[in-house]
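This report describes how selected helices and strands pack in one chain, and then turns to the surroundings of a single loop residue.

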Amino acid sequence: MKVILYDEGASGEVAVEEISRYLARKMGRAEVEIKATPLPNLAEDKIFRYAASIAATKIGQIDKKIVSGHVPLPGEIEYEKRRISGRTKAFGVIYDGFYLQGIFGEIIPQEGLDSVHIIFTNRLFATWDEGNKRYHLRTSLYGIPSIISTSGLIEAPAKPRQYYLLKQQYERLGRDLTELKERFKGSFLDYGDRRLTEVAKGYAMQAVFYSLLGDPFCQDKGCRLYNAHWQEELIFAQLESGYEFCRQHTKVLERVGGDSPVFHHT
Ligand SMILES: [Zn+2]
C-alpha cells in the first residue's frame, strides 16, 4: 500500500514530515510519500481555472446551500489565485467540503488511484446537513482523496459548554477573550497548538482505515478512530486514552505489518 500526503498550506500548523514517519511505522510495508499540491506550479490559465472553481465552493451563508455552477465574483477569484500561489492565507473563509474534495480529486494523479491520498489543508470546510438545513464545520472528509483540515481540528469539534456560556458574557461585557481562553487552556485545540501534529496523526490513520476497511471510524472512545464531536472527546481519543487503537483495530494493523503497541503512545 502506498500513502501520499499533500501539504496544502497546512505546514504552518502541523509537521507533515513527522506524520509521514508515523504512518510508515504504523503501516509496516507501506510506502509513504509527501508532495506539495501541484496547484502553485500549474500554468497561468490552469491556476485561473482552479481559482475560479475553488472560489465557487465558498460558502456565503451558513444556512444557505450553495449550488453547483454558482459564479464567483472576480475579486473572489483573485483572492484564490493569491492563495494558490502562497501569497495569502485562507482565514475566515469556509468552503463546501464535498465540492472542495472534488476539486482536489482532479489534481491527484489518475494512475495512483489504488494509493491512499491524504490532503492536509488549512482551509476550513463544512458540509450541508439536510436535517437542520445548515452547514456544519468538519475536521475531515474521507474518500479519494481524503481531506483533513488543520483549522477544522480546531474549529469543528465543539468546545466545552461552559466556554460558550462564558464567551457570551465576555462579549456582552466587552472583555478580552484571551483571558477566557487562558481559563480553559488545554481543554481544546487552538491555533499554534503543539498538540496538533499528534492529533493529525490519528486523523491520517482514519483516512488509512477508510482505504483498508471502507470505514474510518470506531465506537471505542479511546481509539484514534473515534469520530469526536467535542474537543474533549478528540483530546481523549488522540492524546489521553492511554492507548492508540482498540484491540480490533490493532489486529488490523498487525495484519498489514505495522508496529502497533497497544498500550502506549509513540
Ligand atoms: Zn478502534
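In this predicted model, helix α2 passes helix α3 in a right-handed crossing. The axes of α2 (residues 44-55) and α3 (residues 74-84) come within 8 Å and cross at roughly 115°. On the α2 side the contact is made by Ile47, Phe48, Tyr50, Ala51, Ala52, Ile54 and Ala55, which meet Glu76, Ile77, Glu80, Lys81 and Ile84 in α3. By class, this contact has nine nonpolar and three charged residues, and no polar ones.

Elsewhere in the chain, five strands form an open sheet with mixed pairing, in the order β2-β1-β4-β8-β7. Its edge strands, β2 and β7, each pair on one side only. Strands β4 and β8 pair in the parallel sense over four bridges, and in β8 it is Ser146 that serves as the bridge partner of Ile118. Helix α1 (residues 16-26) packs on this sheet, touching β1, β2 and β4, and its direction makes about 160° with that of β2.

| Strand | Residues |
|---|---|
| β1 | 2-8 |
| β2 | 31-36 |
| β4 | 116-121 |
| β7 | 140-141 |
| β8 | 146-149 |

The loop between β1 and α1 contains Ala10. Is Ala10 buried or exposed? Ala10 counts as buried because 23 C-beta neighbours lie inside 10 Å, where 20 or more are required. Not counting residues up to four places away in sequence, Ala10 touches Val16, Phe120, Thr121, Asn122 and Thr150. The C-alpha atoms of Ala10 and Arg123 are separated by 8.4 Å, although these residues are 113 residues apart along the chain.

Notes: Residues are numbered from 1 along each chain as its sequence is written. This is a predicted model: local features need pLDDT of at least 70, side-chain atom pairs count only at pLDDT 80 or more; totals for chains, interfaces and linings use all residues. Axes are lines fitted to C-alpha atoms, for helices over the stretch in contact, and angles run from 0 to 180 degrees between N-to-C directions. Helices (H or I, at least four residues) and strands (E, at least two) are DSSP runs, numbered from the N terminus. A crossing is left-handed if the near helix is turned anticlockwise from the far one by less than a right angle, and right-handed if clockwise. Two residues are in contact if their C-beta atoms, placed from the backbone, lie within 7 Å. Ala, Val, Leu, Ile, Met, Phe, Trp, Tyr, Cys and Pro count as nonpolar, Asp, Glu, Lys and Arg as charged, and the others, Gly among them, as polar. Two strands pair if DSSP finds at least two bridges between them. A residue is buried if 20 or more other C-beta atoms lie within 10 Å of its own, exposed if 12 or fewer, and partly exposed in between; C-beta atoms are placed from the backbone.
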